[in-house]
Amino acid sequence: MPPPTCLRSFSQLSLDSAARASMASRARAHAQMACFSTSAARYANPVSKKKGMAQTKKGNKTLNVKKGRNTVQDTGKRPAQGERKAARKRIVLTNDNALEVATLKDMTKADVLSEANQGRVLGIPEATVDALRAVEAFKTTQGWSLFRRPATLMRKETIELAKVMKAAEDDKKTLRRVLSGERLSGKSTLLLQGLSMAFVRQWIVINLPEAQDIINAHTEYAPLPDSQPTQYTQETYTASLLSQILKANNTAENPMLEKIKVTTSPALPLALPADATLKQLIELGIVNPEASWPVFVALWQELTQPGRPPIMLAVDGTAHMMKESDYLNAEVKPIHSFDLTIIRHFIDHLSGAKSLPNGGVILAATSQSNAPSTPALDFSVQVAEARQVDPSKTPRWNPYKNIDPRVMEALKDLHSPTAKEQLKPLDVIKVGGLSKDEARSIMEYYAESGMLRAKIDDGFVTEKWSLAGMGNIGELERASVRLRI
Amino acid sequence: MPPRLNVLSLARAIPYRPKGQAQWLSRPAARLAPTQTRTYSDAKDEDKVPAADRSKRIDAKPLGHVSEEASAMADITGGEGPDLSQGTPVQDIVRGDKKAEEKLPKVMKEQLKSNASSAPKGSRSYSTSTTPIGGGSGAFDMGLMSMTSPPAEAVAPGLKFEMPVLPLPKDGHLKHRYDPVVDQVTNLLMRHGMKSVAQRNMALILQQLRTASVPTINPQRPLLPGAPPPSHLPLNPVLYLTLAIDSVSPLLRIRNMKGAAGGGVALPIPVPLGQRQRRRTAIQWILGAASKRKTNTSGKTGYAQRVASEIISVIEGRSSVWDRRNMVHKAGISARANIVLPRKR
Amino acid sequence: MARGELSRTLWSAAEGLRSAPRPQCTRTMRLPYRSLQPAARFISTTPSRSAELIKETPEPTPEPFTAAPEFQFEGEEDIEDGDMGPRGGKRSKGGNSQQSNNQLLRTLRVIPASRSYFSAKPTFNDDYLHVSALLRSVATLPTISSTEAPRVAWKTIDQYRIMTNEPVKTQRFHKMMHIVKRLNLVHPSLMPEHIKIAMRRFMKDSQPGDVVPEPQVLDQWGRARGVGRRKTSSAVVWLVEGEGEVLVNGKSLSQFFGRLHHRESAVWALKATQRLDKYNMFGLVQGGGSTGQAEALTLAVAKALLVHEPALKPALRRAGCVTRDPRKVERKKTGHVKARKMPTWVKR
């Protein structure tokens, strides 16, 4: 954005609280309001290569004045713009060379939440894989590309999560879980398992694939009118989130959103046809990004009507949303992440300020490899972990650390003493090491896939288990499949 | 009709069995001198041996007829020997024995000649491929592993659990824990002493080989004899790598000897290379060809991907490394006249 | 006199000695039969022996050396070795008068204790003759192979030269040591005691295996302790029987070592002997970088494992876990840029 435009936008931003009173219609205000962004739209579809256009630049010949250097100028075809990054970010979920595992069973709707699955490797059904791909649950760092098809180990923590989901489904409770654990211990994979179980059980799944993408100021933002204190919407991001929701929850096998009719009368800036389905509502938001946030609010209102399926709301990289974002407000002060509407929506549900009438699970996975320092979150998680072990011994707050009161307030349920009931509404799932039986099960899967060339016996399993730092599953995969071949 | 008297191949087919524990026993003080005469392992054979000699000793008796010997050998190894009731043609017996061939009747000689000239044109009488030496059985190391556990031994004094089987497996030493080829490639990948980066690249290369599609072999560029079918390769990436390197490794290098030709002209002399040297040359060719490729990804995996795709193209016979090897071999053939062998005394 | 002639005369003298009634060739060099020739004055070659002699047979009246008086020789045949006149007398055919003459000569002439007295390296020659005589005496005994023979640290040539104070040539020394080493191969159960004593002269003062470290034992909680070092790192490891849990400085193995290679190094002793699932390990390591720390742990674990199971030593040796790697960073020298690098040469 050129500087004059930028300045104009800022002035408009400061004016808008004064001008808001005089605004006649919100729709027009939206149209006038300049959304500003510091970078190109991240979620725009990649530019398709047009025929006849010379997109790839040939290398220019430069003057080389150095003596005795007859360097060969590289004049070959250069990769197209974004091609190399796309190759880096590509998610490969199949390896044709890997052997088909005959004993591998899929998750089924009937028994996905049963406890009998513990220690078994279950495949993810095709439709669910597509849905998971749509919500960007797979990561490039995970080892999906080595095996014939995605499959996961139902470990102890997965069963714990399954129990939570079962309780939420049966009793229409809102249960919130923070996934913590050391590096490579499988937090994101556990989140993925939660999502896939939700898909299999035909929940509504809304996943924020990476919290960093919301707060790192790569998408445009605008203040939300009539909000006190001011909140900020991210229209492009919300629109792409809506398209993800539509793609993931409205699959060919289960066209859930097409079946549900809009029952409330949402206040939208754009006209919605009468007798519309949720799919049409979402498409409205996708096509008109400036209306995406009202559409999201309307969609949420629809989904929380009685009789609708339970909701799975998940985020990865939670630490990023527990601090101030990279966006600046009119006073050129950083905006707290909680003032971004999407994050506020999530945090309201995580903290328990809002609940899901049809039941549901809120999952927040932390990360150890890409996380800013958030003392409030770390401390809350530590307290909850310690309380699970021994309620009388909880760590004390280090008064010299900088506390974020809003985060503390949001996570105050983690500090509350353990209730007598079976399941706390907000708790931590500590993702630890695998047991040796689980390790054996997953290593047999590796061996049957042809990726691990060894005889799986107790000695071998324990050797790898020890080398992986007592069963850390990511390290186990590295030690047995990736690094030692 | 199966080839009758292929004694050489029989000897090669005898599997090599590591001796296990017995190797560590102290050597006996007295050693038996190897007997010069052949002993018969079976007592049953004793009566079959033609008793041309009056001696009662088994090893003093003469050998049976060639075809009898071959059939006996085939019996032992479980193969199909010559039919004893028919007898063996003379040509088969004297095959490969130049002196005996000279004594053959003219008809047979001509027949032999016509057989010899029927070899396909353009095929070489010598092989340019390398075979691993000292690999035990002489066959290619397929990376097979035994699924049977070694027998557990009784717990000896000074032990709490069973003794590990000695000698330890090949990768049991702290300093030699990786496959030798992988180790060599890793070290050649290493720049500025950053071995952990080189090891990561090596793991990425092997991973690329595992996930890349099954290679198609170019018949023009045959791999080592005894190589497994290409569909087996991705599941055993170390074998994949070894096969690529050993298939393009040159047998020799040309040493330019200064002044040997006189007048300050260097004389090219072909020098044979050892196995490690051959591999080193091949690896460096492959790495050089890989660094000339274009990166098609950004990030840390770029170099590993290029090396992996170069290895695949070597297996598929598309790589320029093959031409390089052929050039070296051609130069070696043209320079072989310059070899001065030590004079016999 | 030419050297050859001297040796010839010496030889003939020795011949004469051998034919004498006193069986001189049977005596050892160190214990001369003093009792048989009480009046003879010996000149010994080694200081200790001369001291011994002086102590035991003190000369009451040290008479000054003078030229020998004129002798009256009855037998004309004795004149042929005029140089060594006194000994030549022994070869005469007998007769009382000659015996008395010999007696007389013995009182008058100095006879060296050692036959090598007139050689350049008398001690060495004595030693050589002695060990060859010993070898002759045990040559028929059964031997064992050199790998099974008791391990002995022999004296180096320099140590031997200092001991004898003679410029012994390398080749000759090795010839002698060859014989001594052959003596060492005699089957231990049949080895005569005096040969063992004689061989001691050629051994170093300290022998391998002299210093036996105190055997480590498990403590009251069943832990074995091992210490290992590498580069500038040092590690202490406690090993107990368990299920394969590993903690290094209170962290799990994967948290402490980011690189799989280092993790494997740290537990290599257990991995190579298939005991990773049978012990729990707790280690403390400090100093140096991660490679040094990992390989210090290797040694420490191996040593601790040897406390539990001493019979694993050959296996651990083959796994390369027992040897301390002595390499260290080479120090920087003055005048150098680094340890070896020299500053670039500049004209002027």
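The following paragraphs describe the chains of a predicted model, their strands and helices, and the contacts between them.

Chain A contains 18 helices and twelve strands, and 44% of its 485 residues count as buried. Among contacts in chain A between residues at least 6 apart in sequence, 74% link residues that are at least 24 apart. Five strands of this chain form an open sheet, in which the order is S5-S8-S11-S4-S12 and the pairing is parallel. The edges of the sheet are taken by S5 and by strand S12 (426–431) of chain A, each of which has a single partner strand, so that one side of each is left without a neighbour in the sheet. Direction ignored, neighbouring strands of this sheet are turned by 20° against each other on average.

Pairing at the two edges of this sheet can be followed residue by residue. At one edge, S5(A) pairs with strand S8 (residues 311–316) of chain A in the parallel sense over five bridges, and Ile204(A) stands opposite Ile311(A) in S8(A). At the other edge, strand S4 (residues 174–181) of chain A is joined to S12(A) by six bridges, the two strands running parallel, with Val178(A) opposite Val428(A) in S12(A). Although S5(A) stands at an edge of the sheet, five of the five residues of this strand (residues 204–208) are buried, so S5(A) is largely enclosed by the rest of the structure. The burial extends to both faces of S5(A): Ile204(A), Ile206(A) and Leu208(A) point one way, Val205(A) and Asn207(A) point the other way, and all are buried.

Chain B comprises twelve helices and two strands, which follow the pattern α-α-α-α-α-α-α-α-α-β-β-α-α-α along the sequence. Of its 345 residues, 21% count as buried, and among contacts in chain B between residues at least 6 apart in sequence, 56% join residues at least 24 apart. The mean pLDDT of chain B is 76, with 63% of the residues reaching 70 or more. Confidence in this chain is lowest in helix H1 (residues 7–13) of chain B, where the mean is 44, and highest in helix H7 (residues 180–189) of chain B, at 96. The pLDDT is below 50 over residues 1–53 of chain B, a stretch that nevertheless has 42 contacts in the model beyond near neighbours in sequence. Residues 133–138 of chain B likewise stay under 50 in pLDDT, and for these residues the model has six contacts beyond four places in sequence.

In chain C, strand S7 (residues 279–286) pairs with two other strands in opposite senses. Strand S4 (residues 233–241) of chain C runs antiparallel to S7(C) and is joined to it by eight bridges, with Val285(C) in S7(C) as the bridge partner of Ala235(C). Strand S5 (residues 246–248) of chain C, by contrast, pairs with S7(C) in the parallel sense over three bridges, and Val246(C) stands opposite Met281(C) in S7(C). The side chains along S7(C) alternate: Tyr279(C), Met281(C), Gly283(C) and Val285(C) point to one face and are buried, whereas Asn280(C), Phe282(C), Leu284(C) and Gln286(C) point to the other face and are not buried. Both Met281(C), opposite Val246(C), and Val285(C), the partner of Ala235(C), thus belong to the buried face of S7(C).

Helix H12 (residues 290–308) of chain C has 19 residues, which at 1.5 Å a residue should span 27 Å, and its end C-alpha atoms are 27 Å apart, in agreement with that expectation. H12(C) is mostly covered, as 16 of its 19 residues are buried.

Chain C is in contact with both of the chains described above. In the contact between chains A and C, 16 residues come from chain A and 15 residues from chain C. Helix H17 (458–467) and helix H18 (473–482) of chain A each supply at least two residues of the side of chain A that touches chain C, and H17(A) gives the most to this side, with seven residues. By class, the side of chain A that touches chain C has six nonpolar, five polar and five charged residues. In the contact between chains B and C, 17 residues of chain B meet 22 residues of chain C, and the residues on the chain B side divide into nine nonpolar, five polar and three charged.

Methods: Residues are numbered from 1 along each chain as its sequence is written. Chains are lettered from A and ligands numbered from 1 in the order in which they are written. This is a predicted model: local features need pLDDT of at least 70, side-chain atom pairs count only at pLDDT 80 or more; totals for chains, interfaces and linings use all residues. Helices (H or I, at least four residues) and strands (E, at least two) are DSSP runs, numbered from the N terminus. The expected span of a helix is 1.5 Å times one less than its number of residues. A residue is buried if 20 or more other C-beta atoms lie within 10 Å of its own, exposed if 12 or fewer, and partly exposed in between; C-beta atoms are placed from the backbone. Two residues are in contact if their C-beta atoms, placed from the backbone, lie within 7 Å. Ala, Val, Leu, Ile, Met, Phe, Trp, Tyr, Cys and Pro count as nonpolar, Asp, Glu, Lys and Arg as charged, and the others, Gly among them, as polar. Two strands pair if DSSP finds at least two bridges between them. pLDDT is the predictor's confidence in each residue, from 0 to 100. Axes are lines fitted to C-alpha atoms, for helices over the stretch in contact, and angles run from 0 to 180 degrees between N-to-C directions.
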